[in-house]
Amino acid sequence: MEIGVKKTVFTPKAIIHQKFGNKACYTVEEVKEESAQNGCPGLAIPQKGPSLFRCRLELPEFTVVSDICRKKKDSEQSAAHLALKRLGNNPADENPSEKDPCDALIDRIKYIFTDEFLSSLHPLSGHLRAALQRKGGLYGLIPASVIAACDTKTSNLCKLLNTEVESKPFLALSSIMRAIPRLAGSVVTSKGQLSIQKQNPYPTEIIESSDIQQSGSPENILVKAIQIPASLDETIQPLTLDISSSGYYLDVIAQKLGVTDASKVLLSRTIGKASSETRLYFAASESLVMELLSDHANVKDFHVEGLLNARANYFCGQEIYGDAIMASVGYTWRSKELFHEDVSLQSYYRMLLSKIPSGNYKLSREAILAAELPSVFTTKTNWRGSFPREILCTFCRQHQLSEPIFSITSIPLKASCKLPRSQKKLKVTEAAELATEYTNGGSLNAGGESVGLESSFRCTVKVFSKGQDLIIECSPREIYKKQTDAIQSASLKVLSWLNACFKDLGMPLEKLNCSADALNISLSSENFLKEFALCQSLHNVQQSRCQGSKLPESKSTNMEYTLSGQDVCLPNIEGSYSGVCPSNGSLLSISYSVSLVTEGGHTKELIESKDEFEFEIGNGTVVSTLEGVVTQMSVGQCAHFNMNLPPQEFILAAVDDPARILSLLSSEVCCLEYDVTLLRVTEPPEERMEQALFSPPLSKQRVEYAVQHIKKSSATTLVDFGCGSGSLLDSLLDYPTSLQKIVGADLSKKSLSRAAKILHTKLSTKSDTGIKSAILYDGSITEFDPRLCGFDIGTCLEVIEHMEEEQACLFGDIALSYFRPKVLIVSTPNYEYNVILQGSSPTTQEDDPEEKSQSQSCKFRNHDHKFEWTREQFNHWASDLAKRHHYSVEFSGVGGSGDVEPGFASQIAVFKQESLLDENDLPTQENSSEHCKVIWEWKRDDRSVPSSTRN
Ligand code: SAH
Ligand code: MG
């Protein structure tokens with residue numbers, strides 16, 4: 001940087017330093033996430049690119065967050081610039097703090113009317129040039145509202161003179177008009193008008209060199225805009241502004257607003273991203289013009305006639321009165337040409353939708369009727385659409401709040417990881433609770449002693465109002481290995497809560513606090529209600545209009561819709577069953593289309609469709625009915641189902657032509673018809689790794705292992721604890737065994753219903769098995785149920801690591817003390833083997849580099865694993881357990897070898913009853929109840945009996 005000799009120009013950062021010294025604290029962070037375009041003008045559309053930076057500047061009184069910049073340095077300057085703006089200083093002013101704002105305003109206006117300014121690239125100079133094309137008495141007249149709205153310096157000075165300008169920008173006009181008399185000789189104003197004119201004409205050569213088109217070309221520009229009536233009973237209407245390339249576009253807007261000329265048009269701030277030219281325009285009433293022109297010393301007691309336009313107000317956070325026009329047109333810093341972009345009805349509904357967290361997510365997925373804000377943040381690999389932090393920042397910006405603050409606490413892991421985990425009591429002690437937290441975040445290095453000095457992270461998110469009042473503070477207890485995971489998860493909690501609030505804006509305070517509590521959110525309800533008061537009135541009205549029409553009765557009275565099982569007709573699944581089914585954690589690819597159909601099916605309008613849509617199953621990343629349907633499908637099958645209408649906004653945001661759909665919706669009873677095809681299922685990394693690395697696949701090897709034991713023991717009864725989708729039970733039927741009765745228990749209804757389907761088909765078609773009965777129970781295997789007792793053989797394959805550690809211990813005790821199978825086979829991953837799995841993970845061959853780095857950084861094989869044990873940990877657990885319950889135990893495994901480091905891929909413990917205990921020696925279970933529900937039952941003789949409980 002060059003050092004000025006004559007005139008030192010201070011950078012914003014330098015000025016901040018002068019003022020605050022080391023009380024100014026800068027934190028630069030890298031912004032890596034890409035977030036998809038949400039397709040509406042005026043909304044932030046972050047770009048994908050190389051490294052980008054954002055800087056947070058903390059000052060004693062407040063904190064600002066910079067725009068996103070390419071260089072760290074620039075982000076700091078940007079933050080400093082914003083801080084100065086907040087302080088009411090403009091760094092470009094020579095004497096930032098000393099000058100009287102009144103004098104500064106006069107100087108500024110004087111400068112705006114210089115010859116030099118006319119030919120500059122300043123957005124306001126475009127208005128000056130356009131004014132020179134106005135006809136007749138309007139020639140050269142500049143509306144004062146434009147000066148206030150398009151020149152940041154003027155607007156900042158006006159805010160200094162009257163703080164209310166922030167919320168009522170038209171009040172700036174009052175300050176400007178009162179400055180005019182002191183500008184005698186330079187500018188004049190015509191009596192009774194809110195406009196200003198240069199006193200002496202510009203020299204001809206200046207006019208000639210300023211690219212002012214003298215003879216307007218015949219070509220007309222048509223700009224789509226929308227009209228937002230002040231009355232909430234009237235609907236939003238499309239509108240076309242016919243802007244000829246000569247003349248003044250604000251006169252066209254004036255005419256549409258029903259006023260004589262541009263001087264009576266008032267402008268809001270720009271809406272959305274920094275470079276946006278989308279604004280709201282409205283007319284100044286006669287009385288407002290009078291008041292703005294009057295010499296009132298105290299402009300605070302302004303009385304504005306007309307109805308507050310709640311919808312317009314909601315979008316810009318400023319007061320707008322009467323009917324308003326939303327248009328994206330104006331002059332920019334980039335070019336002297338008039339910039340314009342269409343604002344369609346669809347854009348309007350999309351903007352409305354983007355104001356709620358789930359709507360923002362839906363838009364980023366471009367799947368309004370299919371996507372849903374996920375309930376948990378798993379990993380960046382599986383996340384699709386905008387990331388939670390991005391959505392939260394957008395949310396705050398859109399609601400005119402300050403940027404949220406994320407604070408990270410780093411927690412050294414070393415001390416607590418050395419806990420002798422195997423000696424843990426079953427009760428959750430404080431130590432156990434701590435350990436659980438690590439595992440929740442997928443962060444525990446199960447090696448225990450090898451953790452070293454690594455630390456893990458916790459994140460607290462705070463959301464502040466514009467005036468820096470704390471609204472929400474969310475401090476999740478979970479700990480994460482990676483900072484970004486901590487940030488994303490905490491952000492998602494806030495978003496989920498906000499989303500729930502938007503679903504039910506009239507929620508009583510008590511409920512509000514209660515739901516916040518559950519998500520570790522502390523809430524300043526007073527500030528919250530103050531900030532979101534308008535949302536409530538607006539969204540409620542949107543909804544009541546929806547209900548007033550002839551729509552089929554909708555169960556939810558909220559902005560967001562809930563899709564419970566009852567809303568959906570049973571899906572009609574077509575195509576043959578391929579056996580490739582989704583399970584929790586798998587990535588699915590579907591194609592779908594959603595149509596609006598009228599009752600009786602006379603009209604069918606396609607609303608949204610996608611040839612390929614990918615999502616992770618199990619976290620609510622799609623509307624729940626859709627998720628419920630796809631979990632019943634196998635690859636290649638199609639499903640059709642109908643659903644009740646969501647709130648209108650969702651439909652209108654999805655369609656190109658909302659006006660036509662709106663009229664259809666209000667004249668007919670409609671519902672939505674979904675057509676879905678399951679294209680692909682990509683299993684969670686664990687299964688992919690196992691299939692790629694082992695032949696036969698590990699799961700097959702586990703089944704064979706169990707079969708060996710069945711043969712040895714000539715078992716006739718088998719219970720599979722945590723049977724999942726029934727892979728073991730299903731495969732067992734392929735072998736000739738002595739088994740007569742097989743039972744499975746699990747607490748996942750989805751998995752059980754899949755197991756039921758598969759077993760049912762197989763048992764009904766195979767006649768060569770000796771199986772006489774098969775039952776599937778829905779219930780937890782950590783609770784006693786007499787029907788699971790006394791089996792010849794019990795299996796529990798790859799299940800315990802899906803429970804919290806103390807639950808796994810509890811299962812061991814219950815299994816060996818109450819269920820007491822003669823043989824119990826327990827398998828679980830060998831943590832030490834992960835280096836091998838991950839080192840040659842098939843994901844490294846995939847072209848997504850993000851996925852590669854993710855799979856390497858995920859310590860466990862599967863995101864649902866709560867822990868993975870080393871051989872030593874497993875041995876310790878099993879030996880201790882066996883000893884306490886009079887069983888012997890032997891260790892073995894599948895995948896790899898037990899003699900070669902690092903041991904088997906899946907470690908197995910085989911427990912055998914040492915002696916049959918006397919009936920009386922068996923512990924008795926008081927009040928033993930049959931807590932498991934029979935989900936499905938099959939008997940050889942009377943064929944299958946589908947249980948009534950099956951759903
Ligand atoms: N044994 C199966 C499934 C393993 S996945 C196989 O090898 O393919 C783990 C399963 O454990 C899941 O289906 C999950 O629902 C089940 N599970 C986890 N905790 C459980 C509990 N407390 N009671 C019953 N099932 C449980
Ligand atoms: Mg597992």
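**Entry 1: ligand 1**

I began at ligand 1 and found one of its oxygen atoms 3.0 Å from an N or O atom in the side chain of Ser727. I should jot down early that this is a predicted model.

Next I went looking for nitrogen atoms of the ligand. A nitrogen atom of ligand 1 sits 3.1 Å from an N or O atom in the Ser780 side chain. With Leu747 it's the backbone that takes part: one of its N or O atoms is 3.5 Å from a nitrogen atom of ligand 1. Then I checked how covered the ligand is. On its own, ligand 1 exposes 580 Å², and the protein buries 80% of that.

Which residues come nearest to ligand 1? I got Gly722, Ser727, Asp746, Ile781 and Leu797, out of 15 residues around the ligand. So Ser727 turns up again, since its side chain is the one I had at 3.0 Å from the ligand oxygen. I also sorted the shell by class: six residues are nonpolar, seven are polar and two are charged.

**Entry 2: the magnesium ion**

Ligand 2 is a magnesium ion, and I wanted its protein donors. They are Glu801 through OE, His802 through NE2 and His865 through NE2, at 2.3 to 2.5 Å from the ion. Along the chain, the donors follow the spacing E-H-x62-H. His802 and His865 link distant parts of the chain, being 63 residues apart. I placed His802 in the loop between β25 (793-797) and α28 (805-819). His865 is in another stretch, the loop between α30 (849-857) and α31 (871-884).

Are the two histidines buried or exposed? His865 has a relative accessibility of 2%, so it counts as buried. His802 comes out at 27%, which makes it partly exposed. The cut-off that matters here is 20%, because buried means under that value.

**Entry 3: strands**

I found an open sheet of three strands, in the order β4-β6-β5, with antiparallel pairing. β4 (142-143) and β5 (187-189) are the edge strands, as each pairs on one side only. I counted three bridges between β5 and β6 (residues 195-198). One bridge partner I noted down was Ile196 in β6, which goes with Thr189.

Then I moved on to β10 (residues 278-283). How many of its six residues are buried? Five are, and the strand is mostly covered. β10 is joined to β9 (residues 265-267) by three bridges, and the two run antiparallel. Here Leu267 has Tyr281 of β10 as its bridge partner. β10 also runs antiparallel to β11 (residues 324-330), this time with five bridges. For that pair I wrote down Leu280 with Met326 in β11.

**Entry 4: Lys493 and Asn520**

Lys493 is in helix α18 (residues 483-503). I looked up its exposure and got a relative accessible area of 17%, so this lysine is buried. What does its side chain touch? The side chain of Asn520 does the job, with a polar contact of 3.2 Å between them.

I followed that contact to Asn520, which sits in the loop between α19 (509-518) and β16 (521-523). Asn520 is partly exposed, at 26%. Its phi is near 55 degrees, a positive value in a residue other than glycine.

Gln400 has a positive phi too, near 55 degrees. I found Gln400 in the loop between α15 (388-398) and β13 (405-412), and its relative accessible area of 22% makes it partly exposed.

**Entry 5: cis peptide bonds**

I noted two cis bonds leading into prolines. From Ser695 to Pro696 the peptide bond is cis, with omega near -10 degrees. Pro696 is in the loop between α24 (685-693) and α25 (698-713). Glu901 and Pro902 are also joined by a cis bond, with omega about 0 degrees. Pro902 lies in a loop as well, between β27 (887-894) and β28 (906-913).

**Entry 6: Leu124**

Last stop was Leu124, in helix α5 (residues 123-131). Its relative accessible area is 0%, so I put it down as buried. I also checked the C-alpha separation from Ile112: 8.3 Å, for residues that are 12 apart along the chain.

Note on methods:
Residues are numbered from 1 along each chain as its sequence is written. Chains are lettered from A and ligands numbered from 1 in the order in which they are written. This is a predicted model: local features need pLDDT of at least 70, side-chain atom pairs count only at pLDDT 80 or more; totals for chains, interfaces and linings use all residues. Side-chain values use heavy atoms; hydrogens and water are left out. Donors are N, O and S atoms within 2.8 Å of the metal (3.2 Å for Na, K and Ca); water is not among the atoms, so sites may look incomplete. Helices (H or I, at least four residues) and strands (E, at least two) are DSSP runs, numbered from the N terminus. Buried means under 20% relative accessible area, exposed over 50%, partly exposed in between (1.4 Å probe, protein chains only). Two strands pair if DSSP finds at least two bridges between them. A residue is near a molecule or strand if one of its heavy atoms lies within 4 Å of it. A polar contact is a pair of N or O atoms within 3.5 Å; within protein, one must be able to donate a hydrogen and the other to accept it, and residues adjacent in sequence count only if both atoms are side-chain atoms. Accessible areas come from the Shrake-Rupley method with a 1.4 Å probe; for residues, only the protein chains shown count as cover. Ala, Val, Leu, Ile, Met, Phe, Trp, Tyr, Cys and Pro count as nonpolar, Asp, Glu, Lys and Arg as charged, and the others, Gly among them, as polar.
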